[in-house]
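Got the viewer open? Let's walk through this one together, one selection at a time.

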Amino acid sequence: MGIVAKNLHKQFGETQVIRGVSLSVERGEMVSLLGPSGGGKSTVLRILAGLERADAGEVWLDGNRVDHLDAASRGVGFVFQHYALFRHMRVVDNVAFGLKVRKVKPDEARRRAEALLARVGLGGLSERWPDELSGGQRQRVALARALAPEPRVLLLDEPFGALDARVRADLREWLRRLHDEVGATTVLVTHDQEEALSVSDRVILVKDGLIEQDGSPSEIVDTPRTEFVARFVGEVNVVEGVVGADGLLAAGGLSMRIPAGSKVGDRLRAVLRSHELHLEMDPRGLGVVRRVVPLDDRARVELSLNGASLVARVPRADAQALVIGGPVTVALHEPARVWAIEG
Amino acid sequence: MRASFGVWICALVALPMLAVLARAADGGLSGAWEAITRPAALHALGLSFGLSLLVVGIDLIFGLATAWALVRWDFPGRRLVSALVDLPFAVPTLVAGILLVVMLGPQSTLGGALAGVGIDVIYAWPGMILALCFVTLPFVVRAVEPVLEELDPAEEEAARTLGAGEALIVRQVLLPPLLPALAVGAGQSFARAIGEFGAMAVLSGNVPRETLVGSVYVLGEVEAGDSVEAAAVSVVLLVVSIIAQLVVSRVNQPWGRE
Amino acid sequence: MTPRHRTKPQGFGLVVTAAAILWVVGLVGVPLGALLLAVGAEPAQVVSELVQQGGLDALGRSIVLAVFAVIVGGVTGTLGGIVLARQRFWGRAVLDVAVDLPLAVSPVIVGLAFVILYGRGGWLEPLATALGVKVLFATPGLFLATAFVCLPFFVREVALVLEEVGTSEEDAARTLGASEWQVFVWVTLPQLRGALRVGTLLTVARALGEFGAVLVLGGAIEGRTQTATTFVHTMMEERHDAGAFGMSLILAAMTVLLVQALPTGARTKH
């Protein structure tokens, strides 16, 4: 087992940031901690690295309990959101730092640093200063620096958070390829669901210091366990309604099956993922198309249905048939996920 | 680490300051009160307060004007003026006193001319005020300048497009963000002025109950061997300047440090 | 933000600008010029008084004090800056205020405080006697006074920079396996280069210019505790104006150079 954390707790002042987080990561696996900012996922990562001490709980790396070890003794690679490059060192010296600390001979350290820089695609830049690089380049240097001592575990704290969307998409594909080559056990913290879903073997959703769901990307997307997860991982419509005498929930002009334990008269909330809505032009339809936005092979359709505003994602071919202002029928591809309204 | 630094600060700062307090209390509270209210002491303290307040007032007016001129306008010698503003910060205050003596002393052309029309500058209040203005010159200017620099001219322009007159713009748009900076500059100036010694020692003439200020009075008492009297007067000056200093650090960090 | 274009002053702006120029040049520039003229009028007299009255010896002593202040301030200030910026503990707020105290205390009172502390019946008099150190009217007193008045500069500069740069570079070094000492030498110290430079300049300027405290504590004894500033004072009292003006010019010139070496904005933070 690569990383095991048991029942971590952490309090900053009066705030309970981590309230019992347990997780395990297989050796060589890549796992994302996904969730809104302030949810405690970065703190979990810093506890794994030894940069913070947990108030309670255990941390195991490769079968050894490491809670009592400081960051320097854990042999964990860490990549910071804002790069944290040593700005008074040249790029190559940044990468060689972990080797210098380990008393690797200077020319050997330099050779290995140059090789790593070439590997992350920054071959010619070793004599530059960090502030002469773009954000994406800096993050690659940070990654090369973390990888130089050949850590068994690599922890990435919002590594692409400060970069623009384009660079981000490129870097994350590149990161996944690098992971497959290097094979380090990797934990990635991010608030970007697309990033988490596209890059990792497994996604752990963290909210308010607790784990909401832990599963493969398809499990997270297809069977969200809570309303929060459903809303967090996709574009959704949220509609409220009452369970009718027919035993179906009527909400937003649609009828849905109800979860076990609900009864007639209950007020429930349904989360409809935008790609689960099916639209068809139909003069008897109750929906009205407001706007059609073309995306790659799909289109995003905004419509109104019985006074509610909904969003649907449909294939471009289907969208071609839609007329703005025209009536449509709205149907559900699959049973909606319905949750009781809290509070 | 924190313990060794704490010990260092205690030995270097806290202990000496406590020693002054303890010595002031040597003659009992009534003794300290008597020491402070002795006419010469009272006059010296009063003079220090009065001059410092006056100088802070002058600093606020001219400091604001200077900062505004430096930020807003382009004029020949702008960089020279900016460099001159910083000098009093580093020039020893004793040297500041000497500078004014050289320029305005009785032997100088200017000083002689002024004396001819009956105005004594050096060894009199006007010279003391000038000297205190010299040593406190940078504070208001440098406190206000960055704030003025950051004021978005668009705000001023927006007010103008909304039909505001110049006076209204100054009062409603420009002044409010400047107030904290003005307070900081004024506090620093006041703390510096109330404790000023070097310039006063060479240029005030040090006549008791006329031009003798608090700090020089303390020196006199030390030299006369009366450390209880000196300590009592010192405590008054200390308390006032520490309050000014605290006000500065409070205003300086409205967002707090924690 | 709309870019700021400086234009030629007009109307009310012209009046204010003219007043500002007159004020600053009149208050600082003209007196400096007057001193230059006064020294330039009788250079031979100035040099001979400087040499014969012990001016060079006093200046040398001031320079030694400045070097001492930089060494002591650099070491304790780096330590103190790290403590204040990085550590949270009971009594930190008190320490924070105490560090700034020397900026607020009149130099004469500093002198008085040490006189009381080490003088007859003072709390530390027995300690000094036991160690065989004479503090008052002797070199140790000058050192104490200088260390006191220069205390805030290094501490403040270091703490400010450390708060600005945060701990992420240090954390990165730790995750790469660096020991705390390696973190300090390879990461923290290089970050502090600018702060230490500014701290040095401010400390030198302050140490050279200190007058009240060294006068009271040292007594301005020629050849033993006379510093550059107390030399000026003694010369004025003895009516050796030329010597006083000459030394004043030297001090003014040195401090002008120090100020010019400071980055803008670092000058009046204190």
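Which residues is Ala148(A) in contact with, leaving aside its neighbours within four places in sequence? Select Ala148(A) and look around: the list is Val95(A), Ala96(A), Gly98(A), Leu99(A), Arg112(A), Ala113(A) and Leu116(A). Keep in mind along the way that this is a predicted model.

**Stop 1: around Ala148(A)**

To get your bearings, colour the helices and strands of chain A. Ala148(A) sits in the loop that links helix H4 (135–147) to strand S7 (153–157) of chain A. Is Ala148(A) buried or exposed? It counts as buried, because 25 C-beta neighbours fall inside 10 Å, and 20 or more is what a buried residue needs. Now add Gly77(A) to the selection and draw a distance. Gly77(A) is 71 residues away from Ala148(A) in sequence, yet the C-alpha to C-alpha distance is 8.7 Å.

**Stop 2: a sheet in chain A**

Next, pick out the strands of an open sheet in chain A. Six strands make it up, in the order S6-S7-S8-S3-S9-S10, and the pairing is mixed. Its edges are strand S6 (76–79) and strand S10 (210–215) of chain A, each of which pairs on one side only. Direction ignored, neighbouring strands here are turned by 15° against each other on average. If you show side chains, one general point helps: in a regular strand they alternate between the two faces of the sheet.

Zoom in on the S10(A) end of the sheet. How do strand S9 (residues 202–207) of chain A and S10(A) run? They are antiparallel, joined by five bridges. Two of the pairings are easy to pick out by name. Val203(A) stands opposite Gly215(A) in S10(A), while Val206(A) has Ile211(A) in S10(A) as its bridge partner. Then click on the turn: the hairpin of S9(A) and S10(A) has two residues between the strands, and there Asp208(A) takes a positive phi near 50°.

**Stop 3: chain A as a whole**

Zoom out until chain A fills the screen. Its secondary structure comes to nine helices and 20 strands. Along the principal axes, the C-alpha trace of chain A spans about 80 × 45 × 30 Å. Of the 343 residues in chain A, 43% are buried. Take the contacts in chain A between residues at least 6 apart in sequence: 64% of them join residues at least 24 apart.

**Stop 4: over to chain C**

Hide chain A for a moment and show chain C as a cartoon. What secondary structure does chain C have? You should find 13 helices and zero strands. Chain C fits a box of roughly 70 × 65 × 30 Å, taken over its C-alpha atoms along the principal axes. Buried residues account for 55% of the 270 residues in chain C. Among its contacts between residues at least 6 apart in sequence, 76% bring together residues at least 24 apart.

Now select helix H1 (residues 12–41) of chain C. This helix has 30 residues and reaches 41 Å from its first C-alpha to its last, close to the 44 Å expected at 1.5 Å a residue. Where does H1(C) bend? Click Gly26(C): the bend there is about 40°. As you look along a helix, remember that an α-helix has 3.6 residues a turn, so residues three or four places apart point the same way.

**Stop 5: where the chains meet**

Bring every chain back. Two pairs of chains touch, and the pair with the most contacts is chains B and C. Chain A and chain B do not touch, with their nearest C-alpha atoms 11 Å apart.

Start with chains B and C: 74 residues of chain B are in contact with 77 residues of chain C. On the chain B side, the largest share comes from helix H1 (residues 2–24) of chain B, with 14 residues. By class, that side has 55 nonpolar, twelve polar and seven charged residues.

Finish with chains A and C. The contact involves 18 residues from chain A and 15 residues from chain C. Select helix H8 (168–175) and helix H9 (180–191) of chain C, since each is worth a look: both supply at least two residues of the side that touches chain A. H8(C) gives the most to that side, with seven residues. The chain C side divides into six nonpolar, six polar and three charged residues.

Methods. Residues numbered from 1 in each chain as written. Chains lettered and ligands numbered in written order. Contact = placed C-beta atoms within 7 Å. Helix = DSSP H or I, 4+ residues; strand = E, 2+ residues; numbered from the N terminus. Buried ≥ 20, exposed ≤ 12 C-beta atoms within 10 Å, placed from the backbone. Expected span 1.5 Å × (residues − 1). Bend = angle between axes of the 7 residues up to and from the residue. Nonpolar A, V, L, I, M, F, W, Y, C, P; charged D, E, K, R; others polar. Pairing = 2+ DSSP bridges. Axes fitted to C-alpha atoms, helices over the stretch in contact; angles between N-to-C directions.
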